[in-house]
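Dear colleague,

I am handing over the structure below for your review. My notes on what was found in it follow directly after it.

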Amino acid sequence: MQRRHLLGATAAAATTLALPAFAQAWPARPIKLVVPFPPGSSPDIIGRLVAEPLAAALGQPVVVDNKPGAGGNLGTGMVAKAEPDGYTLLFTIQGPLVTAPLLSKALPYDPARELAPVTLVATSPNLLVIDPKLGADTLADFVRIAKAQRGALNYGSVGNGSAAHLAMELFKSRAGIDLVHVPYQGFPQVVNAILAGQVQAGFMVPGIAMGQVRAGKLRGLAVSTLGRSSVLPEFATLAEQGYPGFEAISWQAVLAPAKTPAAIVERVSRELVRIVRSDDVRAKMLAQYFSAAGTAPAALANLMTSERERWARVIAAAGVKPE
């Protein structure tokens, strides 16, 4: 028995010694979690939801740092250029990672080369909402009105290349309508713009929109999942309403600057997977209309590659131009 304990202790010590000295000491100070969107946005809400238990797991504060601008590209670029020491992490949606490189002429970072995937945290359907004052009760009504007022209606998104932007561009192409794109810093600003009559429609994550939908100030028309969404089962899909195969979900993930020590990336990934799969966090995410994920870094890397390829085809088919 003593020999077995000795062997176990020796193996544990060998594992520790195998880690770089830097990784063994980490974390020794607070960690910054950059959210490239404003307070109150969906990545801010979900980012703060996981920051507290992550801080408890790591034994150091995890400070959420909102850096909005350029559809999330500003804060994402800051993390891409940050020191790869494990003290700066990124919590973002897919736009700055997947579609911004396809649609930005002068993107100041390369997500495939300058960011290290950590884990996929959560997924959500996109809900197509409109201003009730348009007088459209159904998706078919909205399309009819948009065709009658071709080019006169606006829609909001959280930036060029965001899921909300491309979902609407895909829908415009499929429905044969023409709407003018107006980008904002975050979904709360899009909601306010619809309420103020500045834009008339938008795809958005339901956690931001459903309060206004239930209050009758916004009208939900359809979700962007292939089948009925488990978080919004009351809404029919676009596929059900005449647009077969339509899919455009939102997802949120954590990444680190490239060249962050692998031991640190693996530690953060392992802790986050445990956190997002816990019953408590799952329930809190569901209350925000998100489904908890939790994946290995390689799985997130594969998702980013496959999504980039899929949206490149959509962009080409829809004729969306780089800005």
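A cavity, as the word is used here, is a set of grid points where a 1.4 Å probe fits but cannot get out, and its lining residues are those with an atom within 4 Å of such a point. Please bear in mind throughout that this is a predicted model.

The cavity

The structure holds 1 cavity of 30 Å³ or more, and the largest cavity has a volume of about 50 Å³. Its lining is made up of Ser42, Ile93, Gln94, Val158, Ala163, Ala164, Phe187, Val205, Ser250, Gln252 and Phe290. By character, these residues divide into 7 nonpolar and 4 polar, with no charged residue. Two elements, helix 8 (163-175) and strand 10 (250-257), each contribute at least two residues to this lining.

Helix 8 and Lys172

Helix 8 also contains Lys172. Is this lysine, Lys172, buried or exposed? The relative accessible area of Lys172 is 12%; buried means under 20%, so Lys172 counts as buried. Leaving aside residues up to four places away in sequence, Lys172 touches Tyr155, Ile177, Asp178 and Leu179.

The sheet

Strand 10 belongs to an open sheet of 6 strands, arranged in the order 2-1-3-10-4-11 with mixed pairing. At the edges stand strand 2 (62-66) and strand 11 (291-292), each of which pairs on one side only. Strand 4 (residues 115-124) runs antiparallel to strand 10, and 8 bridges join the two. Within this region, Leu115 stands opposite Pro257 of strand 10. In general, the strands of a sheet pair through backbone hydrogen bonds, either parallel or antiparallel.

The nonpolar core

The largest nonpolar core has 105 residues, and those with the most contacts inside it are Val121, Phe142, Phe171, Phe203 and Met285. To take one of these, Phe142 touches Ile130, Leu134, Ala136, Phe171, Ile177, Leu179, Ala201 and Leu221, again not counting residues up to four places away in sequence. Ile177 and Leu179 are also among the residues that Lys172 touches.

Helix 5

Finally, I would draw your attention to helix 5 (residues 95-103). Because 7 of its 9 residues are buried, helix 5 is largely enclosed by the rest of the structure. The buried residues of helix 5 are Gly95, Pro96, Leu97, Val98, Thr99, Ala100 and Leu103.

With kind regards

How values were computed
Residues numbered from 1 in each chain as written. Predicted model: local features only at pLDDT ≥ 70, side-chain atom pairs only at ≥ 80, totals over all residues. Heavy atoms only, no water. Core = buried A, V, L, I, M, F, W, Y, C linked by side-chain atoms within 4.5 Å. Buried < 20%, exposed > 50% of the residue type's maximum accessible area, 1.4 Å probe, protein only. Contact = heavy atoms within 4.5 Å. Helix = DSSP H or I, 4+ residues; strand = E, 2+ residues; numbered from the N terminus. 1 Å grid on protein atoms, 1.4 Å probe; cavity = no way out; pocket = protein on both sides within 12 Å on 5 of 7 lines; lining within 4 Å. Points joined across faces, edges and corners; volume = space filled by probe spheres on them. Nonpolar A, V, L, I, M, F, W, Y, C, P; charged D, E, K, R; others polar. Pairing = 2+ DSSP bridges.
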